[in-house]
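User: Hey, could you take a close look at one part of this model for me? I'd like it walked through in one go, with a quick word on confidence up front.

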Amino acid sequence: MSTTTVSQLDKVKDGPWNGGRSPWNLEYGKIMMWFFLVSDTFTFSAFLIMYGAQKFAQPTWIDADKVFQSIPGIAESGQPLVFVGIMTFILIMSSVTMVLAVDAGHRNKKNEVVKWMLWTILGGLCFLGCQAIEWTHLHHQGFWFGRNPATGLEGEAVAEALAPYFTKDIAYTAALQFANMFFTITGFHGFHVSIGVLLNIIVLCKTLNNTFQKSGSYLMVEKVGLYWHFVDLVWVFVFTFFYLI
Amino acid sequence: MDKKGIWRVFFVLLALTALEFLIALGFVHHWGIIEKGMFLNVVYIVLTLAKAYYIVAYFMHLKFEKSSFIVCCSVGLLFIVYFIILLLIEGDFLLDAFQSHPVFPNN
């Protein structure tokens, strides 16, 4: 009787958290990338929630369908959502090519990794180009940090200048806060995309340099991939809250 | 996840995005069947969260990690829900508070 009790007490614990092994079975850098992305989620959430709070605090709000109407080089106005649709498609597409690069890395196929990384970088650059065009367009209309098309005007001229962008009542502060939040949030997202493109280029160079081939692991592609998907993820939310709602 | 799986997730994301565009461009803007409002916002947010799930679970591979890691990365996000509720209530309060009380000069 007593011998069985003792042997149960002395039994070696072999759960995931009893030491001697990696409980999450993940490499350190990958866990750190995840933790960074969780913290970045809070930053972007704070921005977007502030946008929502502003919207709730204003008696009226700008109509996104009327602000974003142009397709550069094709139509000056009357085409809401089409251009941002193209941008969204580009970013989703580059997310797919990134997973394909990670997948190729798992199979140790250097040439495939290079091919898909190049497509991903191209997608990222196309997205940044589109965003630059969008910003330029809005800037020409008079929107900027702390500025809207009615800045400097007075009286009825304010309503007249802002009328094209509103469906409901017209208000200077609503247009101003929209401009501030739009440039801050898409700007911060665009900054993330730029960093992502830079990281992708570095990883591409290392791949071409056979660094991963020699070390036998394409884990770095995976880590940069996590970051790149996160950028796509943020855009999904920015797209919904700025362009759809 | 194999190549077939990757493309399957891509088509799910594409379909969800296409649905959003169909609603926004077709039903709201072009045909005028649905009006912008709370119902439509809920639809958009549900579609967005579905897209976010597919990106995080499959593209970022989180679904296939150890469950304790999934919990570790996602449980903190509950604070975001709390934050959303707090700030939207605050914004709604300010709408009323800002509009109904004028500022008087203090001579």
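What pLDDT does chain B average? After that, please zoom in on Gln58(A): where does it lie in chain A?

Analyst: Sure, starting with confidence. This is a predicted model, and chain B averages a pLDDT of 92, with 100% of the residues scoring at least 70. The model itself comes in at ipTM 0.92 and pTM 0.92.

Now for the residue. Gln58(A) sits in the loop that runs between α2 (28–57) and α3 (64–67) of chain A. Despite the loop setting, Gln58(A) counts as buried, because it has 22 other C-beta atoms within 10 Å, and the cut-off for buried is 20 or more. Leaving out residues up to four places away in sequence, Gln58(A) touches Ala171(A), Thr173(A), Ala174(A) and Gln177(A), plus Leu95(B) from chain B. Take Ala174(A) from that list: along the sequence, Gln58(A) and Ala174(A) are 116 residues apart, yet in space their C-alpha atoms are 6.3 Å apart.

While we're in chain A, here's a helix pair to look at too. Helix α4 (residues 82–106) of chain A packs against helix α5 (residues 110–141) of chain A at an angle of about 160°, and their axes are 8 Å apart. Anything over 145 degrees counts as roughly antiparallel, so that's the label for α4(A) and α5(A). Their crossing is left-handed. As for what makes up the contact of α4(A) with α5(A), the residues split into 17 nonpolar, six polar and two charged.

Note on methods. Residues numbered from 1 in each chain as written. Chains lettered and ligands numbered in written order. Predicted model: local features only at pLDDT ≥ 70, side-chain atom pairs only at ≥ 80, totals over all residues. Axes fitted to C-alpha atoms, helices over the stretch in contact; angles between N-to-C directions. Helix = DSSP H or I, 4+ residues; strand = E, 2+ residues; numbered from the N terminus. Parallel < 35°, antiparallel > 145°, perpendicular 65-115°, else oblique. Left-handed = near helix turned anticlockwise from the far one by under 90°. Nonpolar A, V, L, I, M, F, W, Y, C, P; charged D, E, K, R; others polar. pLDDT = per-residue confidence, 0-100. Buried ≥ 20, exposed ≤ 12 C-beta atoms within 10 Å, placed from the backbone. Contact = placed C-beta atoms within 7 Å.
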